[in-house]
Amino acid sequence: MPKGFSFFTLCLLSCTSIFVAPLNVRADDLPSGPIRIIVGFGASSSADTVARLVAKYMTDRIGQPVIVENRPGNSSMIAAEYVARAPNDGRTLFMATVANTLYPASVKSSFNLGKDLQPIALLAVVPNVLVAHPSLNVRTVHDLVELAKSKSETLSFGTSGQWTASHMAAQLFNMEAGTKVTTVPYQGGANQGVPDLLAGRINLMFNVAATLAPHVKEGKLFALAVGQPKRTVAMPDVPTMAEAGMPDFDVGIWIGLLAPANTPPNIIDNLSKLSNEGVHSPEAEKTLNTQSIDVLGGTPAEFSKFIEKDNEKWARIIAAIGPQ
């Protein structure tokens, strides 16, 4: 596979300069009237958490209401398509996730996140962590690969179901390692499989750090690697998959803000500054760190390039996996 696009590292290195300057803009450089941030998942989801922190900061900063509205369904695509049809005045925004590049690739949709919506800023990532049940007696990704090559048919990954981030992480592992570990879907999401993992009925799982960290701390599971290019603050001692020998592996659950296509550039630029400042405010960083969400940040152009690469990545991986 071609080299991956390690954009998260770039963001973390470069974003500091974005947030230090105060926002001094004319009134017509911001939307007039209340702003809505549409989230395609329910309350208390990671995307919802980021949206509410950004909305609070923006409300305080610009002195006009910024409201979060949840419109869950169809892997967040209902919300994405709703915002794509909204007026391009900057008053209706969308908090996207990896689901909005993964889903269109998996169902061969004509929807294209970076073209049908205007990127504003990539704000955060929820790290996916690879864990193993202690009975496997593996302590590194290399150990797991060696075991899986000899016993693929006896090992299993718990996942959230076909074409979800946890499913794609397991499939990407199989592609990179040359193995055929079975995937076991859980209708209610990967968290529903955690009890089976703890009991040893399944062996492996990619899941979010916040869910897995307590079990790792207690020694009930062993963390092998983080599935994104940069280590996570939630598990700073756990290596990345790249460090473990899979340099193209990147399955972090990213979260970013977009507007309807053709929103005026001056509005996009200032919404980008505000949302970047919002996730890097002390209140937001504290809240996100406690939920094992890593803060990112960056420009509209950088986020646009990231979405383009993410679209290409999932299309390539899904084509290689073939029908499921």
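Select strand β1, residues 35-39, in this predicted model. Strand β1 pairs with β2 in the parallel sense, over 5 bridges. Within this pair, isoleucine 37 stands opposite valine 68 of β2.

Next, extend the selection to the whole sheet. This open sheet consists of 6 strands in the order β2-β1-β3-β10-β4-β11, with mixed pairing. Strands β2 (66-70) and β11 (294-295) stand at the edges; each has a single partner strand, so one side of each is left without a neighbour in the sheet.

Now add the helices that lie across the sheet strands. Helix α5, residues 99-106, lies across β3 (92-97) and β10 (253-260), and its direction makes an angle of about 70 degrees with β3. Helix α13, residues 300-321, lies across β4 (117-126) and β10, running at about 80 degrees to β4.

Remain on helix α13 and select alanine 320, which is found there. Alanine 320 counts as exposed because its relative accessible area is 52%, above the 50% cut-off. Its C-alpha atom is separated by 9.7 Å from that of leucine 172, although the two residues are 148 residues apart along the chain.

Turn then to the interior. The largest nonpolar core has 52 residues, of which Leu113, Leu130, Val141, Phe173, Met241 and Phe249 touch the most other members. Helix α13 gives the most to this core, with 7 residues. Select leucine 113: leaving aside neighbours within four places in sequence, leucine 113 is in contact with Phe94, Ala96, Asn100, Thr101, Trp254, Leu258 and Ile307. Apart from this core lies another, of 34 residues, including Ile35, Ala55, Val68 and Val208.

Notes:
Residues numbered from 1 in each chain as written. Predicted model: local features only at pLDDT ≥ 70, side-chain atom pairs only at ≥ 80, totals over all residues. Heavy atoms only, no water. Pairing = 2+ DSSP bridges. Helix = DSSP H or I, 4+ residues; strand = E, 2+ residues; numbered from the N terminus. Contact = heavy atoms within 4.5 Å. Axes fitted to C-alpha atoms, helices over the stretch in contact; angles between N-to-C directions. Buried < 20%, exposed > 50% of the residue type's maximum accessible area, 1.4 Å probe, protein only. Core = buried A, V, L, I, M, F, W, Y, C linked by side-chain atoms within 4.5 Å.
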